[in-house]
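This report concerns the pockets, the salt bridges and one strand pairing of a protein chain. Please keep the sequence and the structure in view while reading.

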Amino acid sequence: GVGKTTMAANLALAFAMNGQKVLLFDGDLGMANIDLFFGHKSKRNLLDVLKGEKEVHEIVEELHKNISLISGGHGLDELQSLNSFQRRHLVDSLEKVSINYDWIIMDTSPGISENVLYLNSSADEICVIVTPDPASLADSYALIKLLHQKYKKNRFSLICNQVRSTQEGLNLFAR
């Protein structure tokens, strides 16, 4: 509800419109839906890779000019609780296909599950989207705190979304 998927889709479009190749990774494992933002329904997803049925490059789908997608699958309970080996395999697989792209944008699910923490910890840049809603602020703080404690991450970008003015955004950032 804070706008993570909308932000990821729009960022991918902005890069693509500038001629850069983007891989969108829908890391909302088991509840992925960024494909719908592009009027597309994914036919393949990460479960195919984790079952050993496909290699990661075989599940990449074209969404738009210069935008490709790896779907985290929708309605797939098996992807909600990956073990550490599966999470590592997933990140390694992403690294293998990354050479074909200028950017990889990862849209993770909300919360602080081990999947969310691990995927965020593997990113070069972690952008936390926060809104003025008190629950959003508390959840964002919890995510940052756990990423720092468990993975020693100490650099985060904050995007203040759904603010009515620059001042409201600055106040939210300060909080």
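Helix α6, strand β6 and helix α7 (166–174) each contribute at least two residues to the lining of the second largest pocket. The model under discussion is a predicted one. Of the contributing elements, α6 gives the most, with four residues. The second largest pocket holds about 150 Å³ of space. Its lining includes Val130, Leu137, Ser140, Tyr141 and Ile144, together with Leu158, Cys160, Leu172, Phe173 and Arg175. Sorted by character, the residues of this lining are eight nonpolar, one polar and one charged.

**The largest pocket**

The largest pocket has a volume of about 1,200 Å³. Which elements give two or more residues to its lining? They are α1 (4–17), α4 (84–97), β4 (103–108), α5, β5 and α6. The lining is made up of 42 residues, and those that lie nearest the centre of the pocket are Met106, Asn120, Ala123, Glu125 and Cys127. By character, the lining of the largest pocket divides into 24 nonpolar, 11 polar and seven charged residues.

The table sets out the two pockets.

| Pocket | Volume | Nonpolar lining residues | Polar lining residues | Charged lining residues |
|---|---|---|---|---|
| Largest | about 1,200 Å³ | 24 | 11 | seven |
| Second largest | about 150 Å³ | eight | one | one |

**Salt bridges**

How many salt bridges does a search of the whole structure find? The search finds five. One of them brings together the side chains of Arg155 and Glu125, with a distance of 3.1 Å from N to O. This pair links distant parts of the chain, since its residues are 30 residues apart. Arg155 belongs to the loop between α6 (134–151) and β6 (157–160), whereas Glu125 belongs to the loop between α5 (114–121) and β5 (127–130). Glu125 thus takes part in this salt bridge and is also among the residues nearest the centre of the largest pocket.

Are the two partners buried or exposed? Arg155 counts as exposed because its relative accessibility is 59%, and exposed residues are those over 50%. Glu125 has a relative accessible area of 37%, so it counts as partly exposed.

A second salt bridge joins the side chains of Glu168 and Arg164, at 3.7 Å from N to O. Glu168 has a relative accessibility of 18% and therefore counts as buried, the limit for that class being under 20%. Arg164, in contrast, counts as exposed, because its relative accessibility is 77%.

Glu95 forms a salt bridge with Arg88, and their closest N and O atoms are 3.9 Å apart. Glu95 is partly exposed at 47% relative accessibility, and Arg88 is likewise partly exposed, at 36%. These two residues do not stand alone: Arg88, Asp92 and Glu95 are linked in a network of salt bridges.

**A pair of strands**

Strand β2 (residues 61–64) and strand β3 (residues 67–70) pair in the antiparallel sense over three bridges. Which residue of β3 is the bridge partner of Glu62? The partner is Ser68. Together, β2 and β3 form a hairpin with two residues between them. In the turn, Asn66 has a positive phi of about 70 degrees.

Definitions and conventions: Residues numbered from 1 in each chain as written. Predicted model: local features only at pLDDT ≥ 70, side-chain atom pairs only at ≥ 80, totals over all residues. Heavy atoms only, no water. Salt bridge = Lys/Arg side-chain N within 4 Å of Asp/Glu carboxyl O. Buried < 20%, exposed > 50% of the residue type's maximum accessible area, 1.4 Å probe, protein only. 1 Å grid on protein atoms, 1.4 Å probe; cavity = no way out; pocket = protein on both sides within 12 Å on 5 of 7 lines; lining within 4 Å. Points joined across faces, edges and corners; volume = space filled by probe spheres on them. Nonpolar A, V, L, I, M, F, W, Y, C, P; charged D, E, K, R; others polar. Pairing = 2+ DSSP bridges.
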